[in-house]
Amino acid sequence: KKIYLFDIKTMQNKITTFKTSFKMFLYNVQAVFYTEIVKSLFPDYNVAPLEFIAASYNDTLPVQKFILTDEMYNKTLNGDITEEYRYIGILEAINNINKHIELNEFELNLNELHFKKQSKILINSKFTYDS
């Protein structure tokens, strides 16, 4: 038993600009979040990571597919530490929110929940298109 997740992204710009949208809107966070929710709802199923299907109204390139690498998936879920930055993952963000709820503290420090810092994205990895 396997569940496949898809998110269809339609664009007016060229397909190659999907990379910019991916970074700007943190689609890696969306993909991991949705995949982990489905895994928790259907524990008896094998859940494939969410695939983005990108198509453009104004481009002659074919529809493109993007799937997060295992490295990007794991860093988005669990966080990452580099020499310059420490990025929290989805699990830590959820734990921070739950901690505030348990302590009955509803003034959250939103800096604890940021998935990006300054202009750098959460994960800077190679982005490739796959048809």
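Helices and strands here are DSSP runs, with at least four residues for a helix (H or I) and at least two for a strand (E), numbered from the N terminus. On that count, the protein chain of this predicted model has four helices and seven strands. Going along the sequence, they come in the order β-β-α-α-β-β-β-α-β-β-α.

As for confidence, the protein chain has a mean pLDDT of 78, with 77% of its residues at 70 or more. Among its elements, strand β1 (residues 2-3) has the highest mean, 96, while strand β7 (residues 86-87) has the lowest, 72. Then there is the stretch covering residues 115-131, where pLDDT stays under 50. The model does give this stretch 45 contacts beyond four places in sequence. Still, where pLDDT is low, the predicted coordinates should not be read in detail.

Turning to the chain as a whole, 37% of the 131 residues count as buried. Of the contacts with a separation of 6 or more, 67% are between residues 24 or more positions apart. The accessible surface of the protein chain adds up to about 8,900 Å², and carbon and sulfur atoms hold 53% of that.

Helix α3 (residues 70-78) is a good place to look at burial. Its residues M72, Y73, T76 and L77 are buried. Looking down the axis of α3, these buried residues fall within an arc of 125 degrees, so they line one face of the helix. Their packing partners are α1 (18-24), α2 (27-41) and α4 (90-102). After α3 comes G79, with a positive phi near 95 degrees.

One of the buried residues of α3, T76, also serves as a reference point for L26. The C-alpha atoms of L26 and T76 are separated by 9.8 Å, although the two residues are 50 apart along the chain. L26 sits in the loop between α1 and α2. With a relative accessible area of 14%, L26 falls under the 20% cut-off and so is buried.

On the outside, F33, Y34, I37, L41, F42, Y45 and I94 make up a nonpolar surface patch of about 630 Å². The biggest share comes from α2, which gives four residues. Another member of the patch, Y45, is found in the loop between α2 and β3 (46-47). The relative accessibility of Y45 is 37%, which lies between the 20% and 50% cut-offs, so Y45 counts as partly exposed.

Note on methods:
Residues are numbered from 1 along each chain as its sequence is written. This is a predicted model: local features need pLDDT of at least 70, side-chain atom pairs count only at pLDDT 80 or more; totals for chains, interfaces and linings use all residues. Side-chain values use heavy atoms; hydrogens and water are left out. pLDDT is the predictor's confidence in each residue, from 0 to 100. Contact means heavy atoms within 4.5 Å. Buried means under 20% relative accessible area, exposed over 50%, partly exposed in between (1.4 Å probe, protein chains only). The arc is that of the directions from the helix axis to the C-beta atoms. Patches are made of residues with over 30% relative accessible area and no salt bridge: like charges are joined within 9 Å, nonpolar side chains (Val, Leu, Ile, Met, Phe, Trp, Tyr) within 5 Å. Accessible areas come from the Shrake-Rupley method with a 1.4 Å probe; for residues, only the protein chains shown count as cover. A salt bridge is a side-chain nitrogen of Lys or Arg within 4 Å of a carboxyl oxygen of Asp or Glu.
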